Every structure is written in structure tokens, then in C-alpha cells.
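Work through the following exercises with the model open beside you, and try each task before reading its solution.

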Amino acid sequence: MLGSFTLWMEVAMWVVMGSMAANLLVDLFKMVTGGKFSTDFVLGYLKDMVYYVLPLLLLAGLAAMDVTGWLVLVGYYVGALAVLLKYLMDLKGKL
């Protein structure tokens, strides 16, 4: 399935994962400095992995079967951009 990853698909996935990690670190920092440490926030990020990253990986696998060669890729990049914007807006709200 991951054999069909192109360079730009991989870069988009790293950007998505990096934005998720930055959001996780900000949440962790706020929890540690605020004195309210809870492990429940980790479940939210695991849920986001299932809701956002898994569909992107499925689209990457479907890209090899796409007859047009661009239809699934457009969906992949639009999805990656949407996840990036979601996490950037979350970070902006937290800072």
C-alpha cells in the first residue's frame, strides 16, 4: 500500500503528522504548566489518527488503481490541506 507514495504525498503526510505533533506538544506543555495532568488528551490524538491519517493512507493506496491518475491524488492533497488547516487553527487558538 505504501509503495504508491510519491515524494509529494510523503511530504504532505509528514506535514500533517508534524502539525499533529506540534499541537500535541502545546497541549502537553499547557497541561504540565497548568498543573492539570491527564492522559485523556492522548485518546483524542489517537482518534484523530484514525479519523484523519488512516483515510489519507487509504487514498494513497487507492492512487495506484486510479485510472485518471489525478482524481485520488487531488482528494489526498485536499484532505491533507484540510487537516493541516485544522491543526493550525487549533494552534492559533491555543497560543
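The exercises below go from the whole protein to its helices, its salt bridges and its surface, and they concern a predicted model.

**Exercise 1. The overall build**

Describe the secondary structure of the protein, and state what span its C-alpha trace covers along the principal axes.

Solution. Begin with the count of elements: the secondary structure comes to three helices and zero strands, and reading along the sequence gives the pattern α-α-α. Next, take the span of the C-alpha trace, which is about 55 × 20 × 15 Å along the principal axes. Then turn to burial, where 26% of the 95 residues count as buried. The protein exposes about 6400 Å², and carbon and sulfur atoms supply 77% of that area. Finally, consider the contacts with a separation of 6 or more, of which 72% are between residues 24 or more positions apart.

**Exercise 2. How two helices pack**

Determine how helix 1 and helix 2 are oriented with respect to each other, and list the residues that make the contact.

Solution. Two packed helices are described by the angle between their axes and by the distance between those axes. For helix 1 and helix 2, which covers residues 40-62, the angle is about 175 degrees and the axes are 12 Å apart. Angles over 145 degrees count as roughly antiparallel, and helix 1 is therefore roughly antiparallel to helix 2. On the side of helix 1, the contact is made by M9, M13, V16, M17, M20, N23, L24, D27, L28 and M31, while helix 2 contributes F41, Y45, D48, M49, V53, L56, L57 and A60.

**Exercise 3. Two residues of helix 2**

Decide whether A60 and L57 are buried or partly exposed, and give for each of them one C-alpha distance to another residue.

Solution. Take A60 to start with, a residue of helix 2; its relative accessible area is 0%, so A60 is buried. Between A60 and V42, which are 18 residues apart along the chain, the C-alpha separation is 26 Å. Now take L57, which is also found in helix 2; with a relative accessible area of 22%, L57 is partly exposed. The C-alpha atoms of L57 and Y76 are 8.7 Å apart in space, and these two residues are 19 apart in sequence.

**Exercise 4. The salt bridges**

Find how many salt bridges the structure holds, and work out which parts of the protein each of them joins.

Solution. As background, side chains of opposite charge can pair when their charged atoms come close. A search of the whole structure finds two salt bridges. One of them links K94 with D27, with the closest N and O atoms 2.6 Å apart. Because K94 lies in helix 3 (residues 71-94) and D27 in helix 1, this pair ties together parts that are 67 residues apart in sequence. The two partners fall into separate classes of accessibility, since D27 is buried at 18%, whereas K94 is partly exposed at 24%. If neighbours within four places in sequence are left aside, D27 is in contact with F41 and Y45 as well as with K94.

The other salt bridge is formed by the side chains of D90 and K86, at 2.8 Å from N to O. Both residues lie in helix 3, four residues apart, which is about one turn of the helix. D90 is partly exposed, at 28% relative accessibility, and K86 is likewise partly exposed, at 25%.

**Exercise 5. Inside and outside on helix 1**

Compare S19 with V11 by asking of each whether it is buried or partly exposed, and then identify the nonpolar patch to which V11 belongs.

Solution. S19 is found in helix 1, and its relative accessible area of 7% makes it buried. Apart from neighbours within four places in sequence, S19 is in contact with L84 and Y87. V11 also lies in helix 1, but V11 is partly exposed, with a relative accessible area of 33%. Together with L7, W8, V15 and Y77, V11 forms a nonpolar patch on the surface, and the accessible area of these residues together is about 500 Å². As a last step, ask where the patch comes from: its largest share, four residues, is supplied by helix 1, which covers residues 7-34.

Technical notes. Residues are numbered from 1 along each chain as its sequence is written. This is a predicted model: local features need pLDDT of at least 70, side-chain atom pairs count only at pLDDT 80 or more; totals for chains, interfaces and linings use all residues. Side-chain values use heavy atoms; hydrogens and water are left out. Patches are made of residues with over 30% relative accessible area and no salt bridge: like charges are joined within 9 Å, nonpolar side chains (Val, Leu, Ile, Met, Phe, Trp, Tyr) within 5 Å. Accessible areas come from the Shrake-Rupley method with a 1.4 Å probe; for residues, only the protein chains shown count as cover. A salt bridge is a side-chain nitrogen of Lys or Arg within 4 Å of a carboxyl oxygen of Asp or Glu. Buried means under 20% relative accessible area, exposed over 50%, partly exposed in between (1.4 Å probe, protein chains only). Contact means heavy atoms within 4.5 Å. Axes are lines fitted to C-alpha atoms, for helices over the stretch in contact, and angles run from 0 to 180 degrees between N-to-C directions. Angles under 35 degrees count as roughly parallel, over 145 as roughly antiparallel, 65 to 115 as roughly perpendicular and the rest as oblique.
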